[in-house]
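Work through these short exercises with the model open. Each task is followed by its solution.

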Amino acid sequence: GNAVKHHTRDNGQVVITSQQLQEGLYRFDVVDDGPGIPPDYHATIFEIFRTFGAPKNVDSTGIGLAIVKKLIELQGGTINVESEVGKGTVFWFTWPVKRAFLYQN
């Protein structure tokens, strides 16, 4: 949602890919060609109530990426960001696939 919401062009692109890294572990990439995020903000964007950008953006609460990070980590995965100003952003995360168990009465 952030990739679309914060894009500076109407014809921007967001591409989502996945790959199996090893048995039971997958990596997902969310790549956009938007304005990018300065390196100084890469660590703090995952903190709750931290936002990046102009203060006029009143509809940002700063909790979205913090929640995403927490959910991924609770499942045993990791999340990272790679970005340069003017060159877009890549958020990538790993997600372990756990075997489902059958519940029997």
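**Exercise 1. Find the share of long-range contacts.**
Take contacts in the protein with a separation of 6 or more, where contact means heavy atoms within 4.5 Å. Residues 24 or more positions apart account for 49% of them. This is a predicted model: local features need pLDDT of at least 70, side-chain atom pairs count only at pLDDT 80 or more, and totals for chains, interfaces and linings use all residues. Residues are numbered from 1 along each chain as its sequence is written, and side-chain values use heavy atoms, with hydrogens and water left out.

**Exercise 2. List the order of elements.**
Helices (H or I, at least four residues) and strands (E, at least two) are DSSP runs, numbered from the N terminus. The protein has 2 helices and 4 strands. Their order from the N terminus is α-β-β-α-β-β.

**Exercise 3. Examine the salt bridges.**
Look for a side-chain nitrogen of Lys or Arg within 4 Å of a carboxyl oxygen of Asp or Glu. The count is 4 salt bridges.
- Step 1: R9 pairs with D33 at 2.8 Å, N to O. R9 sits in the loop between α1 (2-5) and β1 (14-22), and D33 in the loop between β2 (25-32) and α2 (64-74), so the pair ties together parts 24 residues apart in sequence.
- Step 2: D29 and R27 also form a salt bridge, 2.8 Å from N to O.
- Step 3: E84 bridges to K87, with the closest N and O atoms 3.8 Å apart.

**Exercise 4. Classify the partners as buried or exposed.**
Buried means under 20% relative accessible area, exposed over 50%, partly exposed in between (1.4 Å probe, protein chains only). D29 and R27 are buried. R9 is partly exposed at 39%. D33 is partly exposed at 28%. E84 is partly exposed at 47%. K87 is exposed at 63%.
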